[in-house]
Amino acid sequence: MTAPIRVSDVTKKFTLHMQGGVELPVFDGVSMTVKAGQAIALTGPSGAGKSSLLRLLYGTYKADSGCIHIGHKDDAVDIVTASPRQILDVRRYSLGYVSQFLRVIPRVPTLEIVAEPMMQLGAAPEKARHRARELLKRLRIPENLWGLSPVTFSGGEQQRVNIARGLCPDYPVLLLDEPTASLDAENRGTVLELINEAREKGSAIVSIFHAKADRDIACTDEFDIQPFTGGVCG
Amino acid sequence: MKQQSSPTSRTDSPSYGFAYLNEQTKRMIRRALLKAVAVPGYQVPFASREMPMPYGWGTGGIQVTASILTPDDTLKVIDQGADDTTNAVSIRKFFRKTAGIQTTESTDEASIVQTRHRIPEQTLREDQILVYQVPIPEPLRFLEPRETETRKMHALEEYGLMHVKLYEDIARHGNIATTYAYPVHVHGRYVMDPSPTPKFDNPKMDKMPALQLFGAGREKRIYAIPPYTKVRSLDFDDHPFEVQKWDGACALCGETESFLDEVILDDQGGRMFCCSDSDHCGKRRETAGDSHAA
Amino acid sequence: MLHDDLSCPLLRARSVTKIYGDHVGCLGVSFDLWPGEVLAIVGESGSGKSTLLSCLSGAMEPSEGEVFYNADATGLTDLAGMPEPQLRALARTDWAFVHQNPRDGLRMSVSAGANIGERLMANGARHYSNIRTTAETWLEKVEIDTSRLDDLPETFSGGMQQRLQIARNLVTGPRLVFMDEPPGGLDVSVQARLLDLVRKLVADHELAVVIVTHDLAVARLLASRLMVMQAGRVVETGLADQVLDDPQAPYSQLLVSSVLQV
């Protein structure tokens, strides 16, 4: 079986037209492979571009060259050359991403936000909501908040809602950007536990953890991005 | 519709053509009438002439009548069912003067009946023509003021808007409160405004043996319903078309099946109901009188 | 690579161009839109967004180029070659057009119920109670109290009118919705409510939406894809988050950096 994530020779730079076309190199020749059931932690100094690499994998950043193959429906899609429509399909079925910030339409209840990705996969709404309730309960979001929009929640609560949403469907590929930041010890433990469960189910995971202790619990390998960076914040 | 080519000795005023309009104008109107008969319910534009009366007094109906009149015709004119109101009397007088024709108040004797807002109670015959005076011929105008758009809607049979109006009626009044100018679907094709006749008269239009012609002078439109044409009043499945009903009978002739007018008798609240069709009412009273005498 | 890539898009624009005299409305715009996709067209005023929307919705004939629509799943049909009756039938069944100003999209002289019922009646509904019940259901969907069913839109607030306009348009279950700056001029909570409504409808009914907006926050939350226009031309197109987070064209970068954090 081919690895769900295959990155080869990816180069990325930002061209800042607003500042006279200044070019900021981000990556030069990054290659990595993540197998199913493998969880890789990106390491490197703060500002080296760990988040940028996740965004490249998710298609939010556009690579200048190279390939990023993501396993999708018994096949693989090269995110670098795929059409927006293909990338949307990959994101819907195969590629989960938990960013550091929760961005949602105000007013939509938390439960719906968490269950939404699973419904988009075609799951019955009740089944998706059941799974969402399970996750919210495990992540200690008080039940009386489930009907409210998370917009007004605390940072930690928003982060946990974000994680629940990202882990609600079983994505074959998961990208996690500091999922444990701003969480207390108890919740951090739960999140790491959930990540391990996802990996054991066969997800290929790329994540960023600030704390080495978290990496040791939730990741099987580490990947130092420093050799490939232009040393610019991403 | 026999051709009458020159002023005849029967007109009092030889300076006018027969029935006031000149022959070219009548020819133009007859062409429009032929087209209207050929396409039932379709509004045919015509070059409406200035008539010696104000708009709203029947300039459309009068031009249609003038164009179909022959010296042998007998004309009846009613206004709200009555033969003796100003408008009816003036129009009869107008045609007596300009065409020298016979006029009558009897529905039975008339070959042409020009009407403002009623259809006679008595069933018309194949050898009679009913001419309507129409103020606003466009039934869709209520909700769509653009003429370009309403024409397109007629052409494409997009008549949903008519039901929007009826819906609005029911929503506001609990029933279809449109009681006059109640829209009809003619020959399964065009939706038509039957002029401001009470909806009580709508069923009479259906399969009527007489030819029905409609003239709108200010709006410059002519339309028609050929004899024995299907005319259906629009309605909803769960709010079917109904005509007005009265609890009482005509105070003069005792009729219970006719369209009744309310007449205020004094300023003490005294009132009575009587037939709007004065000829119908009169005839019934005559017959009743005869039978009494006999 | 993907099996359904061979499937037919719902709407296809090819080199759509509109010239007003010597002024360019829009120039050479091409894209495909599939069911379930929300395409946001962003750009400053006068960049040709609304002109493009008019060309796409058949309200205006492009000077050059073609717009194709997949009617009845029979394949793509060129709108220019479509007979007018069919085009008008599409406009009142398969399509919805939500105007920037609700007064342009509503019939102000009849009640909310009649406004919602109009499309149903245009498509042959002749049962008053059923029409009324459907209208009520849609008022609920757009969160207007059903007691307002018989009220004139005149008595509604701007946000309610906008939602009524959406209900009136969506009652026939269209597959393609055009929106011209729908949340424009609404207060923030009403705007959020509208966004939520559109999001729900897209998710529940697999709608395809083309939305013109200059609000990048709206574009980010609602759109899956983004098209940036400048002076009638498309300067950049791509995934909504990609265009907003990694804009490539100079003008897109200017646009993204000109707004408050979204």
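**View 1. A salt bridge links Glu84(C) to Lys152(B).** In this predicted model, the side chains of these two residues come together with 2.9 Å between N and O. Their pairing belongs to a wider meeting of chains: the interface of chain C and chain B holds four salt bridges. Look around it as well, for the rule finds 14 residue pairs in polar contact across this interface, both partners at pLDDT 80 or more.

**View 2. Three helices of chain C help to form the side that touches chain B.** Helix H2 (84-93), helix H4 (112-122) and helix H5 (128-141) of chain C each supply at least two residues to that side. Which helix gives the most? H4(C) does, with five residues. Sorted by class, this side of chain C has nine nonpolar, five polar and eight charged residues.

**View 3. Chain C and chain B bury about 1,900 Å² between them.** Carbon and sulfur atoms account for 57% of that area. Here 22 residues of chain C are in contact with 21 residues of chain B. Try finding Arg88(C), Arg126(C) and Tyr128(C): they supply 38% of the area that chain C buries against chain B, more than any other three residues.

**View 4. Chain A meets chain C across about 2,900 Å² of buried area.** Carbon and sulfur atoms give 55% of it. The three residues to pick out are Arg85(A), Ile105(A) and Arg107(A), which supply 26% of the area that chain A buries against chain C, more than any other three residues. In this interface, 31 residues of chain A are in contact with 34 residues of chain C.

**View 5. Arg91(A) and Asp241(C) form a salt bridge.** Their closest N and O atoms lie 2.8 Å apart. How many salt bridges are there between chain A and chain C? The count is five. The rule also finds nine residue pairs in polar contact across this interface, both at pLDDT 80 or more. Strand S1 (5-16), strand S5 (75-78) and helix H2 (84-93) of chain A each supply at least two residues of the side that touches chain C. H2(A) gives the most, with eight residues. By class, this side of chain A has 14 nonpolar, six polar and eleven charged residues.

**View 6. Chain A has seven helices and nine strands.** Its C-alpha atoms fill a box of roughly 50 × 40 × 35 Å along the principal axes. A compact globule of 234 residues would have a radius of gyration near 17 Å, and the 18 Å of chain A agrees with that. Buried residues make up 54% of the 234 residues in chain A.

Key. Residues are numbered from 1 along each chain as its sequence is written. Chains are lettered from A and ligands numbered from 1 in the order in which they are written. This is a predicted model: local features need pLDDT of at least 70, side-chain atom pairs count only at pLDDT 80 or more; totals for chains, interfaces and linings use all residues. Side-chain values use heavy atoms; hydrogens and water are left out. Contact means heavy atoms within 4.5 Å. Buried area is the accessible area (1.4 Å probe) that two parts lose on being put together, summed over both. A polar contact is a pair of N or O atoms within 3.5 Å; within protein, one must be able to donate a hydrogen and the other to accept it, and residues adjacent in sequence count only if both atoms are side-chain atoms. Helices (H or I, at least four residues) and strands (E, at least two) are DSSP runs, numbered from the N terminus. Ala, Val, Leu, Ile, Met, Phe, Trp, Tyr, Cys and Pro count as nonpolar, Asp, Glu, Lys and Arg as charged, and the others, Gly among them, as polar. The radius of gyration is taken over C-alpha atoms; the globule rule is 2.2 Å times the number of residues to the power 0.38. Buried means under 20% relative accessible area, exposed over 50%, partly exposed in between (1.4 Å probe, protein chains only).
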